[in-house]
Amino acid sequence: MTSFDARRVRADVPLLRRKINGRPITYLDSGSSALTPRSVIEAMSRYYELRHANVHRGVYVTAEEATATYEGAREAVGRFINAPHPNDEIVFTKNTTEAFNLLARSWGAKNLTKSDAVVLSVMEHHANIVPWFQLRDEIGFEIRFLDVTDDFRLDLSNIDEALRGAKLLSLSSMSNVLGTINPIKELAAKAHQAGALVAVDAAQSVAHTPSDVTDLDVDFFCFSAHKMLGPTGIGVLYARRELLADMPPFLGGGGMIADVSTRGFTPAKGVARFEAGTPPIAEAAGLTAAVRYLEQLGMANVENHERELTADALQRIESHFGDQIRVIGPHNVDRRGGVISLDVEGVHPHDVAQVLDQFGVCVRPGHHCAKPLMKRFNLAATARASFGPYSMTQDTDTLLEALQRAVELFG
Amino acid sequence: MSNLEDLYREIILDHYRSPRNRGELESPPALRVEGFNPLCGDEIVVYLDVTNGTLSNIKIAGTGCSISQSSASLMSAAVKGKTLEEVHKIISRFKQLMTITEGTLEDGSEPEPIDLASMGELAALAGVVKFPVRIKCATLSWNTLVQGLDEIPA
């Protein structure tokens, strides 16, 4: 049994006690980075206070404890996304971006040739675009983009054509600008039928909806800890066991080898092959704590809570501001997460965010590392508000109050 | 605490709503220079006509926030019709306005007070330094102008 009470989550996050410009902080930038509960901070402190040692090296007690802490995170993450073989499938990276770079440089460089194609979408974050362009510029394969419809959904009208002869479909499970949740399971089935593998950018969805790589039947799944109440500096690449076993190393150095001589090296087997150098150990401890915290809340509860908040916010923004503020994203909460991009008539997103800051409201202005999507809707930028499990309707109250001031100031 | 009113002075809002010298000049003969702020996607295009050592005409195009747009408008009004020597002086005073904040300099000396009265409407931008992330918005058009002036053969 899980219980969910946003007020309790709020009380667990020390940062939410801060005042900004004389007002309690209204944190609406969880899509950028979600705030850390105390248990996560304490888990990292415990590592530094009690078992700080390097991993996979020493034979002394604290070194063994550090290794157990680090490897324990693999188990926790595997459980969280329902990976069948965590020890052979969960690779720790720096963040989602590094996970995609690893995927491109390892699996991509080995498997893609000039005559191949990779399918992306216009709503992808640059992290799932630029690494493929970099590799394309070296190898010369084709990159195809699925378009986005005028009502902010993935345009699947030519999906069969796009997948024809493709080796990989790499898609975001939730847009970091639109909030749109993509039908990954259906698309994975289609892609597999067409002979393509499936990679998912789950950075935005992982803290807001349940994740199940087995049920989705996807091959690669990338996300960052700091968007799921965990620490910065650690991310995850899940790769299906048989695929991972065949992938060459990405970064070279200590820890990723079986043997090194003056003639060359032999890479280690398994996930160790991808984790050169001392890994983020304290961060792994924090990630485990974040997973436990989210498991206690129950991801289905988090999803329901955020859906209610989003429905309420969308309805109130529309009824209060009408045409003055346009929501760049689906207006229906069906298959939609708590990311709300706003285009305020006549007010630049930077000015919106500046006025909001005076009310202690934290939102993100800019192109959100999704320039192809911005171009698709003829926007230079938006001001984006995004919810977390600690968000409550009082946050929306303050957001509306501050937006009203922005509209008045520039109107 | 810095107030919104420090940043969004009436003059700034006025220049944002009714930008001066907005438009394009045929290039060539006019010099066309582009400036970008990759962080926020703002872009500005400055057109310059220089005749006999005088900035005889200037036009501004592009998109951006109220600070970058009003700063560009204020700049165009301040430098239009001035000799290049005067333009450089205005630029240098504006840069001083954007860099020197209250207090003492690193060497312990008091900063030379800026004569805001001599700066005319440009003085309205003084509040921007209290919002450090917005300084790059205010300086975008000025850096673009400097880049253009550097391209003019001596």
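In the predicted model, A:Pro372 is partly exposed, with a relative accessible area of 31%, a value that falls between the limits of under 20% for buried and over 50% for exposed residues. This proline belongs to helix H14 of chain A, which covers residues 371-376. Not counting residues up to four places away in sequence, A:Pro372 touches A:Val122, A:His126 and A:Ile129. For one of these partners, A:His126, the separation from A:Pro372 amounts to 246 residues along the sequence, while the two C-alpha atoms lie 8.7 Å apart in space.

The loop that leads from strand S16 (364-366) to H14 in chain A contains A:Cys369. Although A:Cys369 is not a glycine, its phi is positive, at about 55°. With a relative accessibility of 24%, A:Cys369 counts as partly exposed, because the buried class is confined to values under 20%.

A buried position is provided by A:Leu309, whose relative accessibility is 4% and which is found in helix H12, residues 299-321 of chain A. When neighbours within four places in sequence are left aside, A:Leu309 is in contact with A:Phe387, A:Ser391, A:Met392 and A:Thr393. The C-alpha atom of A:Leu309 is separated by 9.9 Å from that of A:Gly337, a residue 28 places away along the chain.

Chain A as a whole contains 15 helices and 17 strands. Its radius of gyration is 22 Å, which agrees with the value near 22 Å that would apply to a compact globule of 411 residues. Taken along the principal axes, the box filled by the C-alpha atoms of chain A is roughly 70 × 55 × 40 Å. Of the 411 residues in chain A, 57% are buried, and the chain exposes about 16600 Å², of which carbon and sulfur atoms supply 49%. Among the contacts in chain A between residues at least 6 apart in sequence, 71% join residues that are at least 24 apart. Chain A carries 42 positive and 50 negative charges, and the mean positions of these two sets are 3 Å apart.

Strands S5, S7 and S8 of chain A are linked by parallel pairing. Strand S7 (residues 168-172) and S8(A) pair in the parallel sense over five bridges, whereas two bridges join strand S5 (residues 117-121) to S7(A), again in parallel. Within these pairings, A:Ser170 stands opposite A:Ala199 in S8(A), A:Leu171 has A:Val200 in S8(A) as its bridge partner, and the bridge partner of A:Val119 in S7(A) is A:Leu169.

In a regular strand the side chains alternate between the two faces of the sheet. Five of the five residues of S7(A) are buried, so this strand is largely enclosed by the rest of the structure. Both faces of S7(A) are covered, with A:Leu168, A:Ser170 and A:Ser172 buried on one side and A:Leu169 and A:Leu171 buried on the other. Strand S8 (residues 197-201) of chain A is likewise mostly covered, five of its five residues being buried. In S8(A), the buried residues on one face are A:Leu197, A:Ala199 and A:Asp201, and those on the other face are A:Val198 and A:Val200.

Chain B comprises five helices and three strands, which follow one another from the N terminus in the order α-α-β-β-β-α-α-α. Of its 154 residues, 46% count as buried. The exposed area of chain B is about 7600 Å², and carbon and sulfur atoms supply 52% of this area. Among contacts in chain B between residues at least 6 apart in sequence, 65% join residues at least 24 apart.

Several backbone features of chain B fall in its loops. In the loop between helix H2 (10-17) and strand S1 (31-37) lies B:Pro28, which is joined to B:Ser27 by a cis peptide bond with omega of about -10°. A cis peptide bond also joins B:Pro28 and B:Pro29, where omega is about 15°, and B:Pro29 likewise lies in the loop between H2 and S1 of chain B. The loop between strand S2 (42-51) and strand S3 (54-63) of chain B holds B:Asn52, a residue other than glycine whose phi is positive, near 50°. The relative accessibility of B:Asn52 is 79%, and B:Asn52 therefore counts as exposed.

Methods: Residues numbered from 1 in each chain as written. Chains lettered and ligands numbered in written order. Predicted model: local features only at pLDDT ≥ 70, side-chain atom pairs only at ≥ 80, totals over all residues. Heavy atoms only, no water. Helix = DSSP H or I, 4+ residues; strand = E, 2+ residues; numbered from the N terminus. Rg over C-alpha atoms; globule rule 2.2 N^0.38 Å. Buried < 20%, exposed > 50% of the residue type's maximum accessible area, 1.4 Å probe, protein only. Contact = heavy atoms within 4.5 Å. Areas by Shrake-Rupley, 256 points an atom, 1.4 Å probe, with all protein chains shown as cover. Lys, Arg positive; Asp, Glu negative; His and termini not counted. Charge placed at Lys NZ, Arg CZ, Asp CG, Glu CD. Pairing = 2+ DSSP bridges.
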